[in-house]
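Trainee: I should like to take a close look at a single part of this model, the hairpin and its turn. Please set it in the context of other local features as you go.

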Amino acid sequence: MTLKEIRIADLAVIYNTDEFAVSATYKDGEIPVLFEHDYEVETISNKAISTPTSGVLDIKSGDKFVIDGINYKCINFDHLETFKTIIVISKIWD
């Protein structure tokens, strides 16, 4: 097994929604996500989530997510070399 294959196999364990991750609706499907950090700047509160990059290859700012029934939009993201993507999301206030 190559190092890349090992890393991808590790992600499958970490992002297992039966164990650690939660399911998020993104576009027309479900992706596993982990909450990483909360960011608060003055009155703005954002959250950082991570997910395997393979599920969000075409992500862009403004994309919508639904996590635990709450609507969020992508503020920023970073595809990491570890095959996961960190996404900063903000709650959409209706």
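Mentor: Two strands pair if DSSP finds at least two bridges between them, and the strands themselves (E, at least two residues), like helices (H or I, at least four), are DSSP runs numbered from the N terminus. The model is a predicted one, in which local features need pLDDT of at least 70 and side-chain atom pairs count only at pLDDT 80 or more, while totals for chains, interfaces and linings use all residues. Residues are numbered from 1 along each chain as its sequence is written, and side-chain values use heavy atoms, with hydrogens and water left out.

In the hairpin, β5 and β6 run antiparallel and are joined by 7 bridges. One of the residues to note is Asp78, whose bridge partner in β6 is Ile86. The hairpin has 4 residues between the strands, and Phe83 takes a positive phi near 70° there. Phe83 belongs to the loop between β5 (70-79) and β6 (84-91). Most residues other than glycine have a negative phi. Phe83 counts as partly exposed because its relative accessibility is 29%; the term covers values between buried, under 20% relative accessible area, and exposed, over 50%, with a 1.4 Å probe and protein chains only.

A positive phi is also found at Lys27, near 55°. Lys27 lies in the loop between β1 (22-26) and β2 (29-41), and its 43% relative accessibility is why Lys27 counts as partly exposed.

From the hairpin one may turn to Thr51, which is placed in strand β3 (residues 44-52). Thr51 has a relative accessibility of 1% and therefore counts as buried. Leaving aside neighbours within four places in sequence, the contacts of Thr51 (heavy atoms within 4.5 Å) include Lys84, Thr85 and Ile87, as well as Tyr15 and Val56.

Aromatic rings offer a further view. Rings of Phe, Tyr and Trp (its six-membered ring) pair if their centres lie within 6.5 Å; planes under 30 degrees apart count as stacked, over 60 as edge-to-face and the rest as tilted. A search of the whole structure finds 1 aromatic pair. Tyr26 and Phe65 form this stacked pair, at 4.7 Å centre to centre with 15° between the planes. The pair links distant parts of the chain, with Tyr26 in strand β1 and Phe65 in strand β4 (residues 64-67), 39 residues apart. Both Tyr26 and Phe65 are buried.
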